[in-house]
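Here are my comments on the model you sent, set out as numbered points that can be read alongside the coordinates. I begin with the pairing of the strands and then turn to the interior, the loops and the surface.

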Amino acid sequence: LPETFTFKIQHKCSYGCRGIFYPSRYNSSRAKCIKCYHCSIFFSPNKFIFHSHELPDSAYVQAGNVNFNSWRRHIT
């Protein structure tokens, strides 16, 4: 894939969050390869699922059994 290839992702844990995934930066689950839409901070996939922003149109969702190792299940 080209270095500039990215795609949009999101999760719905807590208040949810949207981001941009950079596959060229991913080399482990700890790699900071997801950039948050709202604050532009890079997160690893397993930290991104715990990052959220309470926005006027967001609702709190209690995601059961969320842990660092299950990040693939929560990112769409």
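1. In this predicted model, strand 1 and strand 2 are paired in the antiparallel sense, and 5 bridges join them. Two of the cross-strand positions are worth locating on the display: Lys-8 has Ile-20 of strand 2 opposite it, and Gln-10 has Arg-18 of strand 2 as its bridge partner. The two strands form a hairpin with 5 residues between them, and within this hairpin Ser-14 adopts a positive phi near 55°.

2. The pairing continues from strand 2 to strand 3, again in the antiparallel sense, over 3 bridges, with Phe-21 standing opposite Ile-34 of strand 3. Strand 3, which covers residues 34–36, is in turn paired with strand 4 in the antiparallel sense over 2 bridges, and here Lys-35 faces Phe-42 of strand 4.

3. Taken as a whole, the 4 strands make an open sheet in the order 1-2-3-4, with antiparallel pairing. Strand 1 (7–11) and strand 4 (42–43) are the edge strands, each of them pairing on one side only. As general background, the strands of a sheet pair through backbone hydrogen bonds, in either a parallel or an antiparallel way.

4. The wider fold can be stated briefly: the protein chain contains 2 helices and 4 strands, and along the sequence these follow the pattern β-β-β-β-α-α. Of the contacts between residues at least 6 apart in sequence, 36% join residues that are at least 24 apart.

5. Which residues of strand 2 point to the buried face, and which point to the other? The side chains alternate along this strand, so that Cys-17, Gly-19 and Phe-21 point to one face and are buried, whereas Arg-18 and Ile-20 point to the other face and are not buried.

6. The largest nonpolar core has 10 residues, namely Ile-9, Cys-17, Phe-21, Cys-33, Ile-34, Cys-36, Phe-43, Phe-48, Ile-49 and Ile-75. Strand 2 and strand 3 each contribute at least two residues to this core. A grouping of this kind can be read against the general tendency of nonpolar side chains to be buried together in soluble globular proteins.

7. Within that core, Ile-34 deserves a closer look for its contacts, which, when residues up to four places away in sequence are not counted, are with Ile-9, Gly-19, Ile-20, Phe-21, Ile-41, Phe-42, Phe-43, Pro-45, Phe-48 and Ile-75. Phe-21 therefore appears twice in the description of Ile-34, as a contact and as the residue opposite Ile-34 across the pairing of strand 2 and strand 3.

8. Is Ile-49, a loop residue, buried or exposed? Ile-49 is placed in the loop between helix 1 (45–48) and helix 2 (71–74), and it counts as buried because its relative accessibility is 1%, against a cut-off of under 20%. Ile-49 and Ile-75 are 26 residues apart in sequence, with a C-alpha to C-alpha separation of 7.3 Å, and both belong to the largest nonpolar core.

9. Ser-40 should be checked in the loop between strand 3 and strand 4, where its phi is near 65°, a positive value in a residue other than glycine. With a relative accessible area of 43%, Ser-40 is partly exposed.

10. Thr-6 belongs to the segment before strand 1 and is partly exposed, its relative accessible area being 31%. Leaving aside neighbours within four places in sequence, Thr-6 contacts Ile-20, Phe-21, Tyr-22 and Pro-23. The C-alpha atoms of Thr-6 and Cys-33 are separated by 9.9 Å, although these two residues are 27 apart along the chain.

11. On the surface, Leu-1, Phe-5 and Phe-7 make a nonpolar patch of about 340 Å². Leu-1, which lies in the segment before strand 1, counts as exposed because its relative accessibility is 80%. For the protein chain overall, the accessible surface is about 5200 Å², with 51% of it belonging to carbon and sulfur atoms, and 30% of the 76 residues count as buried.

Terms used: Residues numbered from 1 in each chain as written. Predicted model: local features only at pLDDT ≥ 70, side-chain atom pairs only at ≥ 80, totals over all residues. Heavy atoms only, no water. Buried < 20%, exposed > 50% of the residue type's maximum accessible area, 1.4 Å probe, protein only. Contact = heavy atoms within 4.5 Å. Areas by Shrake-Rupley, 256 points an atom, 1.4 Å probe, with all protein chains shown as cover. Pairing = 2+ DSSP bridges. Core = buried A, V, L, I, M, F, W, Y, C linked by side-chain atoms within 4.5 Å. Patch = residues over 30% accessible without salt bridge, like charges linked within 9 Å, V, L, I, M, F, W, Y side chains within 5 Å. Salt bridge = Lys/Arg side-chain N within 4 Å of Asp/Glu carboxyl O.
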